[in-house]
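Student: I have a structure open and do not know how to read it. Could we go through a helix and a pocket?

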Amino acid sequence: MEKDSYLCGKFNVMGKETNPFVVKGEIAPQYFCDRVNETERMVKTIPNGNNLVLISSRRMGKTGLIEHCFRQPEFKDYYTFFIDILHTSSLREFTFMFGKEIFEKLLSKGKKMKKMLLQTLDSLRGGFGIDPMTGNPTFGLQLGDIASADYTLEEIFQCLEQADKPCILAIDEFQQITNYPEKNVEALLRSYIQHTKNVSFIFAGSERHLMQEMFQTESRPFYYSAEMMELNAIKKDVYVPFIVQKFEEKHRKIDKNLVENVYDLFEGHTFYVQKTFNESFMNTPKKGICTAKIVSESIEMLLEIYSPFFKLTLSEMPEKQKELFYSIALDGTAEAITSASFIDRHSLSSASSVQSAAKRLLDRDLITKEGKEYRLTDRLFSLWIKRLHGRTYLDL
């Protein structure tokens, strides 16, 4: 039996064979596909004092790319931090997550950093606990312990400014701050960020139009404060050979054309391609062949797993939005959605209702618009709807 040191990016304590198609956790370098140009740009941009905006669809690999870059030699003399704020709903919650990440990371960096943290985070000191085993302070705060988010934020940024190494802070789903109820959140964060010289920032987001508005609208606080980079699908001529090779390295075979069909089905969407072949690899015996039947069953399993989520999403969608959502899904890609031909073909009510529904679906990131084309953001959701309507969606 092969002895690998990682299982889904972590040590395989059971001694079982590693699945090379990682879908969660840290990705070992040998299982990280491509992103050579993106990695090169990030490791050049950040150390030269620039901030970076990273935009891509959800589950296209933003987090994996950021973590991959953090492990590069160019960043060995940096403190690196990562927070995902997708599920935060207020500035206070943002501050809580931010403070927890900074405190826990810097606390382990020696006595000097521990002393600085305790002196600087004055507003949070009452919530710190002590680990009875190590004697170290612990982040025992509750969200309610943050009385003034503005004041605590200022202290956290001071901690980063006083760190004994330069820092990099990545904030994932950064567009979420536009939903906070507090006023002027963008201006507040921008004021702290522009005066923090010891930190470079990566602002990652999945809602393209919101991120572009934040960083490319002249009246917004973050206007041209960072370089823009879009993360697109890994190119087919790179991703397909990678998948075939990983099967071969584990003494299995898969037809290149089959891999290409799956890539096309999901339009190269990283998570669903990885998830499909993670499951397919699992069901292919050693020295065996991964067949179209195995791959099809893997995709069917994905559709079943995510079916409750898709049903819930549809149940919360107003009728006009749902009608347009179905229409775009069944077309695959749709242009001129307010035209008479599109409206008549899908029995929609009017151009104005389509326009209104499209705006709401875009705001919720359920559909995306690239150039003149609309499509569902979630490629698997689109397949699920086609199956719901009896359309042929698998031809592997």
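Tutor: We will take one helix and then one pocket, bearing in mind that this is a predicted model.

Student: Which residues of helix 9 are buried?

Tutor: Helix 9 runs over residues 256-265, and its buried residues are Leu-258, Val-259, Val-262, Tyr-263 and Leu-265. Buried here stands for under 20% relative accessible area. These residues lie on the same side of helix 9, because they cover an arc of only 165° around the axis.

Student: What do the buried residues of helix 9 pack against?

Tutor: Their partners include four helices: helix 8 (236-249), helix 10 (270-282), helix 11 (292-315) and helix 15 (379-388). Strand 8 (253-254) and strand 9 (289-290) are also packed against.

Student: Which residue caps the N-terminal end of helix 9?

Tutor: Asp-255 does, with a side-chain oxygen 2.8 Å from the backbone nitrogen of Asn-257. Just after the helix, Glu-267 has a positive phi of about 55°.

Student: Now the pocket. How is empty space found?

Tutor: A probe the size of a water molecule is rolled over the atoms, and this shows where space is left empty. In this model, the largest pocket has a volume of about 1,400 Å³. Its lining has 50 residues, and the closest to the centre are Arg-58, Arg-59, Met-60, Glu-173 and Phe-271.

Student: Which elements give two or more residues to that lining?

Tutor: Helix 2 (62-70), helix 8, helix 10 and helix 11 do. Helix 2 gives the most, with five residues.

Student: How many lining residues are nonpolar, polar and charged?

Tutor: The lining of the largest pocket has 20 nonpolar, 13 polar and 17 charged residues.

Technical notes: Residues numbered from 1 in each chain as written. Predicted model: local features only at pLDDT ≥ 70, side-chain atom pairs only at ≥ 80, totals over all residues. Heavy atoms only, no water. Buried < 20%, exposed > 50% of the residue type's maximum accessible area, 1.4 Å probe, protein only. Arc of directions from axis to C-beta. Contact = heavy atoms within 4.5 Å. Polar contact = N/O pair within 3.5 Å; in protein donor to acceptor, adjacent residues only side chain to side chain. 1 Å grid on protein atoms, 1.4 Å probe; cavity = no way out; pocket = protein on both sides within 12 Å on 5 of 7 lines; lining within 4 Å. Points joined across faces, edges and corners; volume = space filled by probe spheres on them. Nonpolar A, V, L, I, M, F, W, Y, C, P; charged D, E, K, R; others polar.
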